[in-house]
Amino acid sequence: MTATAVGALAIILLGWLVRRLGVLRAKDGPMLVQVVIYVALPALVLQIMVTSDLQPALALVPLVGFAIHGVLVAVALGAARLWRLDRPSTGALVVASAVGNTGFFGVPLIAASGPNLSVAAAVMFDTFCTGILTWTSTVWISGRFGEPSDDVAALRGVWRNLLLPPTWAMALGLALNVAGVRSLPEIVDRPLTILGGAVLPLVLIYAGLVIEWDGMRRAWRDVGTVTVIRLVVSPLICLLFAWAIGLDGDVLRTVVLMAAMPTAMMSLVIGGWFKLKTDVIAGAVVATTLLATLVLPVIRALL
């Protein structure tokens with residue numbers, strides 16, 4: 001994982017550099033995200049679910065994710081009260097702390113990090129925990145502490161958002177696996193491999209495109225708080241919950257790593273819909289993504 005994480009950091013900085021050089025612009029980022037959601041990530045998820053050894057312990061993975069989320073929301077609310085933040089800043093701190101980037105960043109990173117990890121556990125964590133929390137809890141918290149903007153009409157498609165192509169790919173792959181199909185024909189598998197391999201670099205370039213150093217400096221205290229919660233508190237809480245319900249081995253290692261993923265990029269989008277303090281969320285996305293490339297190999301080594 002160390003080599004993968006260092007490579008990820010290099011690609012993030014490359015994304016920042018190409019923006020500085022004018023090759024790509026920050027407004028090109030959403031196009032990269034669309035390619036990931038509708039093309040590359042479904043290919044990766046389908047391939048993972050078909051070829052994985054589906055252990056019974058995988059059913060417990062989302063439960064750990066929901067438990068962690070509840071604790072992180074409470075911790076973030078406590079930190080916001082300690083700092084005496086206003087409502088938009090409180091909402092930003094909570095949504096940036098409580099949900100990680102497990103789909104765009106976590107699943108492809110785990111898939112690229114070699115043996116002794118469960119990629120199927122990563123997919124379960126993202127699909128049945130993060131995906132649900134993003135379009136339920138994050139939306140509710142944002143609405144509780146912010147106010148709707150004109151873009152909030154996009155929320156009318158909440159159920160559609162829960163059923164984006166990666167979810168359908170997971171369902172299809174799971175059905176094939178249960179039916180006894182553990183490999184795909186080469187003519188299908190090879191394109192899926194090529195497309196799936198594009199997920200991580202596209203996401204990392206996007207992260208580089210949206211780096212704003214000034215925003216992080218302005219909100220350094222709140223961004224620092226989110227960083228500690230996401231990269232330190234979250235994996236520690238996860239380890240306790242995972243041990244408590246009996247997870248071990250590859251599944252335990254994977255779940256703890258997924259809990260330490262950086263702030264979810266969709267939190268920035270949803271926070272913007274409800275006029276939260278978006279410089280806090282944007283700063284947290286960048287800071288946690290950069291630092292996660294250094295922290296995750298340490299967690300992996302300790303586990």
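**Cavities, cores and buried helices in the predicted model**

About 30 Å³ of space lies in the second largest cavity, where a cavity is, on a 1 Å grid over the protein atoms alone, a set of points at which a 1.4 Å probe fits but from which it cannot get out. Grid points are joined across faces, edges and corners, and a volume is the space filled by probe spheres set on the points. The model is predicted, so local features need pLDDT of at least 70 and side-chain atom pairs count only at pLDDT 80 or more, while totals for chains, interfaces and linings use all residues. Residues are numbered from 1 along each chain as its sequence is written, and side-chain values use heavy atoms, with hydrogens and water left out.

The lining of the second largest cavity (residues with an atom within 4 Å of a point) consists of L32, V33, V36, F104, L202, V203, Y206 and M265. Helices α2 (29-51) and α11 (199-209) are the elements that each give two or more residues to this lining; helices here are DSSP runs of H or I with at least four residues, strands are runs of E with at least two, and both are numbered from the N terminus. By class, the second largest cavity is lined by 8 nonpolar, no polar and no charged residues. In this scheme Ala, Val, Leu, Ile, Met, Phe, Trp, Tyr, Cys and Pro count as nonpolar, Asp, Glu, Lys and Arg as charged, and the others, Gly among them, as polar.

In total, the structure holds 2 cavities of 30 Å³ or more. The largest has a volume of about 110 Å³, and its lining draws two or more residues from each of α3 (61-82), α6 (119-135), α13 (220-244) and α14 (249-259). Of the 16 lining residues, G65, A98, V99, G100 and F125 lie nearest the centre of the largest cavity. Its lining is mixed in class, with 9 nonpolar, 6 polar and 1 charged residues.

Open space was examined as well. A pocket is an open set of points with protein on both sides within 12 Å along at least five of seven lines. The second largest pocket has a volume of about 170 Å³ and is lined by L231, V232, P235, L236, L239, V256, V295, I299, L302 and L303. Two or more of these residues come from each of α13 and α16 (278-302), and α13 provides the largest share, 5 residues. The lining of the second largest pocket divides into 10 nonpolar, no polar and no charged residues.

Helix α11, already met at the second largest cavity, is largely enclosed by the rest of the structure, because 9 of its 11 residues are buried. Buried means under 20% relative accessible area, exposed means over 50%, and partly exposed is in between (1.4 Å probe, protein chains only). The buried residues of α11 are V199, L200, L202, V203, L204, Y206, A207, G208 and L209, and they pack against α1 (2-20), α2, α5, α10 (186-196), α15 and α16.

The largest nonpolar core has 92 residues, and V61, F104, I110, V255 and L296 have the most contacts inside it. Such a core is a set of buried Ala, Val, Leu, Ile, Met, Phe, Trp, Tyr and Cys residues joined through side-chain atoms within 4.5 Å. Helix α2 gives the most to this core, with 13 residues. A second, separate core of 5 residues includes W135, V139, W273 and F274.

Two buried residues touch each other across helices. S97, in helix α4 (residues 87-98), is buried at 0% relative accessibility. Leaving aside neighbours within four places in sequence, S97 is in contact (heavy atoms within 4.5 Å) with L72, A76, V226, I229 and R230. V226 lies in α13 and is likewise buried, with a relative accessible area of 0%. Not counting residues up to four places away in sequence, V226 touches L93, A96, S97, T263 and A284. The C-alpha atoms of V226 and W140 are separated by 19 Å, with their positions 86 residues apart along the chain.

Backbone geometry adds a final detail. Most residues other than glycine have a negative phi. N116, in the loop between α5 (102-111) and α6, has a positive phi of about 65° although it is not a glycine, and counts as partly exposed at 45% relative accessibility. K275 is likewise not a glycine and has a positive phi of about 55°; it sits in the loop between α15 (265-273) and α16 and is partly exposed, with a relative accessible area of 45%.
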